[in-house]
Amino acid sequence: LCYGASSPALSDRSRFPTLFRTHPSATVHNPTRIKLMQKFGWSRVAILQQAEEVFISTVEDLETRCKDAGIEIVTRQSFLSDPTDAVRNLRRQDARIIVGLFYVVAARRVLCEMFKQQLYGRAYVWFFIGWYEDNWYEVNLKNENISCTKEQMKIAAEGHLTTEALMWNQNNQKTISGMSSEDFRKRLNAALIEEGYDINHNRYPEGYQEAPLAYDAVWSVALAFNKTMQRLTEQNSGKNLKDFTYTDKEIANAIYAAMNSTQFLGVSGVVAFSSQGDRIALTQIEQMIDGQYYKLGYYDTQADNLTWFDKEKWDGEKVPQDRTIVRRVLRTVSLPLFICMSTISSFGILVAVTLIVFNIWHRHRRVIQSSHPVCNTIMLFGVIICLVSVILLGIDGQFITAENYPKVCQARAWILSTGFTLAYGAMFSKVWRVHRFTTKTKTDPKKKVEPWKLYTMVSGLLAVDLVILLTWQMQDPLQRRLETFPLEDPISSNDDVKIRPELEHCESHNNSVWLGVIYGFKGLILVFGLFLAYETRSIKVKQINDSRYVGMSIYNVVVLCLITAPVAMVIASQQDASFAFVALAVIFCCFLSMLLIFVPKVIEVLRHPKDKVESKFSNDTGISKEDEERYQKLISENDDLQKLIAQ
């Protein structure tokens, strides 16, 4: 039976079958630590240990208990003598609740490193072993080459918790020896003074704390022997305790059984042994407050009873968190920007509706009639739909729920795509007809453009759009995908909080494929439209009197689309910039197209209320096919003559 060893390895019955100890095992602290973690709601802890056998086996026991209690061990760091890297790693792992297991010399090094790494204060809780001296963090700093001052060590030590097995009976009641624990202490101190120890100045001999354990160990042996003698007498085996030899298994078993069942009130508290021969003891919890240790409570492992005094004190007046609280914040389009763009779009829609009314009201006028009023109306409808899509582009998580976001995604794709097709398709079909007029070998200059041919082209483009969009929606619909950003510090908060920004995106599984199909189709029409507009840049046909303005609109749309599409993909992670860029591009396209195509018509109608004057004013006098061919011949002849002159 021993009174001074705490190594958990001694609990191994296969290695030490007949060992008992009145000194509690180092693992006696672990149930208390778990209880405290549960009390304060900590479910994420880190362990820092010295690479000594006693601490290794204690940590293994703690890990098992943490697993059973559902507490996550975020990291386990160990060191031999220099804890610098181990403490630095704790910081990297964002450890907040840290269990430290090391001897007092190493504890001082750890504390100094804690101060340097700033692993102390309101965001951190450290568990230390309770059997260090009360002023352990202030002594031997120079001898041990600790590079921190006493003041720094005190700052770092503030608020830490300790757990220790109780070595003294807490109640002043008489024990089995007839003395209370206070009587024993007085008697012991008197004996030490006789031996020459200056206990008045806290100069105690090494092992002073274990004195009650040693005293109770002798009592345990005496009581076990008494019980064994009694049992042997009752058995009438003729054996006596004095007959014991080291090969006598019967008496050995009797002594073992007697020791195992020993239970009495000693000066160190209730003495009882577990099946592993370990002392079952109360543990005491203390906290360092203003440089002094204050008792917070006791924990009885056997009865699972925590006696708590509510004296704990935390920096910041609240229990520290076991991790950085990460608040997920959705990045949304800024409200002023959204309101501004929506207002401009709404104004654009109003202008487009006014122009539709103007177009229908004056459809009999030659200036309107020659530009195909139905085609213009289709274009204006497309413009209205495009401007509606601007409002949809700004609608995000601040207005709708995550469940409804995919519906907005689908609406954006459909509305923007069909709006573009209607607006651009109407302009494209006009330029296409002009090009057809000027390239046909035999064309009657007085022949009218059949409107159905223009509408058929727009319908064809719209049909392709619908096929692509329907297939996309049915096969691989757009969903809400969150893009997460690195953690950020909150603007103003005393809490241990970090912000995790998130941004909503509309994406499907094969997003790039579908975008490629849509962009490819639209891109071909844009490039072809650009080519036709260039080819017909100086040609006027009176059947379509606004072909030049339509061509200019196509230039503007192509240029803006070619810039906007790639840039929008690059800045997709910046919600305000992305929305503003795309919205302005759409608004600019729509307004410029309305301006170029309708302002000349409005001016014409306002200047000349009567239709007859138009024939004098109209700039778009038709150029016949023969004139155009004669002009081309003159140009080629001129080129030939210039070459001859050069020769």
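1. In this predicted model, strands β3 and β4, the latter covering residues 125-129, run parallel and are joined by 3 bridges. Within this pairing, V99 has F127 of β4 as its bridge partner. Between the two strands the chain passes through helix α4, residues 104-117, and the resulting β-α-β crossover is right-handed.

2. Strand β3 also pairs with β1, residues 44-50, and here 5 bridges join the two strands, which again run parallel. A point of reference for inspecting this pairing is A46, which stands opposite I98 of β3.

3. How many of the 5 residues of β3 are buried? The count is 5 of the 5 for this strand, residues 97-101, and because buried here means under 20% relative accessible area, the strand can be described as largely enclosed by the rest of the structure. The burial concerns both faces of β3, since I97, V99 and L101 are buried on one side, while I98 and G100 are buried on the other.

4. Turning to internal space, the model contains 2 cavities of 30 Å³ or more, and the largest cavity holds about 40 Å³ of space. Its lining is formed by Q410, A413, W414, L469, W472, Q473, P477 and L478, with helices α12 (405-439) and α13 (451-475) being the elements that each give two or more residues to it.

5. As for the character of that lining, the residues around the largest cavity divide into 6 nonpolar and 2 polar, with no charged residue among them.

Notes: Residues numbered from 1 in each chain as written. Predicted model: local features only at pLDDT ≥ 70, side-chain atom pairs only at ≥ 80, totals over all residues. Heavy atoms only, no water. Buried < 20%, exposed > 50% of the residue type's maximum accessible area, 1.4 Å probe, protein only. Helix = DSSP H or I, 4+ residues; strand = E, 2+ residues; numbered from the N terminus. Pairing = 2+ DSSP bridges. Right-handed = clockwise from strand over helix to strand, strands pointing away. 1 Å grid on protein atoms, 1.4 Å probe; cavity = no way out; pocket = protein on both sides within 12 Å on 5 of 7 lines; lining within 4 Å. Points joined across faces, edges and corners; volume = space filled by probe spheres on them. Nonpolar A, V, L, I, M, F, W, Y, C, P; charged D, E, K, R; others polar.
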